[in-house]
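This note sets out comments on the structure shown below. The points are numbered for ease of reply.

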Amino acid sequence: MIGLSDPSRQFQSLQDELLRDFEAFIGGGAYIMGERVASLETRFAEKIGTLEAIGVANGTDALIVTLDALGIGEGDEVITTPFTFFATAEAISRRGATPVFVDVDPVTYNIDPARIEDAITPKTRAIMPVHLFGLPADMDSIGSLARKNGLLVIEDACQAFGAQLRGRPVGSFGHAACFSFFPTKNLGTMGDGGMISTSDPELAATIRRLRHHGSPKKYYHDTIGYNSRLDELHAMILLAAMNHIDEWNERRRALADRYRAALGELSDLDLPTEPEGARGVYHLYCIGSDDRASLLSALRQAGVQTGVYYPCPLHLQQAYRGLGYRPGDLPVAERLSERLFAVPLHPFLSDSEQDHIVSVFLKHRRSI
């Protein structure tokens, strides 16, 4: 089976470096919040172009802690997309705030800025765009709306490390941004991990306290916080991966170009596109088709793993029935949930494996 992603190949490519580092790691005796975490935070901030980066336990915690640090909670509303992983909205709800879902752009699949202003109410505190599948959201329009209405912007960049908009890295546009190091992410570790980036020193200091039980120094607690710390072991793995992330992301882009060249003539398929100035990193390569079920079956029979992202938009999830959304309220997201599916794309996918995947599409096309 050709995997949708293959983190094992990615980590195996780092094996010699990691084994060497692991010996020093074992003997060092510092396993939580040590020099490696500090080094990763510095390097991450430099890469993103922010003043600060703060490691946390996972991407979901990154969202929750950021919302908390910005004072968002009970009675507040946060505008976000209905077409993303559940954690985006879940974090808002965990803070006692209400997610307000705005439909997405049918081409980029990201939140549609043209629809945001109508969703703003006196309770709105923030906009949380998602750089879905590694493609930057329209941060120029979102930033302009936020400034006009006095709103905070929190980037959910969990799928988009290395993506750029007009040469500027995602994660540097909002008041803060949140990243995930889940193993299948472009920059991932062998477990969970997350990072928050910001150029606001005061916000960064608050986040640092919150991630460690609200404590500015040992056994002194200024507020109620969290136990959300990035382990030294994961920092070690991520530091090694950062030596290769640009190369890996370029390989993803090259594979996306190959898919586009091979499948672009199939008019019944919607392939990912990049708006002018956007440089995606293709965390997932999602294709749209009205014949999704048949294609998924053909790919599976040919030994190709696929995934449906996302089969149920957030506004129609059981957990959010109480918000009152109904089928038809956000038609673009609902239509995408019926048509989109991902095919394998990762830095260690070979050309021959990709050619096999393409051949399944071409054979399927000839059969109908």
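1. A disulfide is counted here as a pair of cysteine sulfur atoms within 2.5 Å. The structure is a predicted model, and by that criterion a search of the whole of it finds zero disulfides. C178 belongs to no disulfide: the nearest cysteine sulfur, that of C158, is 6.3 Å away, which lies outside the cut-off because a pair must be within 2.5 Å. With a relative accessibility of 0%, C178 counts as buried. C286 is likewise in no disulfide, the nearest cysteine sulfur being that of C312 at 16 Å. C286 has 1% relative accessibility and therefore also counts as buried.

2. The next point concerns the seven-stranded sheet. This sheet is open, with mixed pairing and the strand order β1-β9-β8-β5-β4-β2-β3. Its edges are β1 and β3 (98–101); each has a single partner strand, so one side of each has no neighbour in the sheet. On average, neighbouring strands are turned by 25° against each other, direction ignored.

3. Is the edge strand β1 largely enclosed or largely open to the outside? Four of the five residues of β1 (residues 52–56) are buried, so this strand is largely enclosed by the rest of the structure. Its pairing with β9 (residues 194–198) is antiparallel and comprises five bridges. Within that pairing, E52 has T198 of β9 as its bridge partner.

4. At the β3 edge, the pairing is of the parallel kind: four bridges join β2 (residues 77–80) to β3. T80 has F101 in β3 as its bridge partner. Helix α5 (residues 87–94) packs on the sheet and touches β2, β3, β4 (124–128) and β5 (152–156). The direction of α5 makes about 140° with that of β3.

5. Helix α7 (residues 201–211) also packs on this sheet, where it touches β1, β8 (176–180) and β9. The angle between the direction of α7 and that of β1 is about 15°.

6. A further sheet is built from three strands in the order β7-β6-β10; it is open and its pairing is antiparallel. The edge strands, β7 (168–169) and β10 (278–279), each pair on one side only. Strand β6 (residues 164–165) is joined to β10 by two bridges, and the two run antiparallel. Here Q164 stands opposite R279 of β10.

7. The packing of two helices deserves a separate comment. Two packed helices are described by the angle between their axes and the distance between the axes. For α2 (residues 15–28) and α8 (residues 232–242), the axes come within 10 Å and cross at roughly 145°. This crossing of α2 and α8 is right-handed. The residues that meet are E17, L18, D21, F22 and F25 from α2 and E232, L233, M236, I237 and A240 from α8. By class, the contact of α2 with α8 holds seven nonpolar and three charged residues, with no polar ones.

8. The last comment concerns helix α11 (residues 331–339), in which V332, A333, E334, L336, S337 and R339 are buried. Which elements do the buried residues of α11 pack against? They pack against β11 (285–288), α10 (292–301) and β12 (340–343). The buried set in α11 includes E334 and R339, residue types that are classed as charged.

Definitions and conventions:
Residues are numbered from 1 along each chain as its sequence is written. This is a predicted model: local features need pLDDT of at least 70, side-chain atom pairs count only at pLDDT 80 or more; totals for chains, interfaces and linings use all residues. Side-chain values use heavy atoms; hydrogens and water are left out. Buried means under 20% relative accessible area, exposed over 50%, partly exposed in between (1.4 Å probe, protein chains only). Contact means heavy atoms within 4.5 Å. Two strands pair if DSSP finds at least two bridges between them. Axes are lines fitted to C-alpha atoms, for helices over the stretch in contact, and angles run from 0 to 180 degrees between N-to-C directions. A crossing is left-handed if the near helix is turned anticlockwise from the far one by less than a right angle, and right-handed if clockwise.
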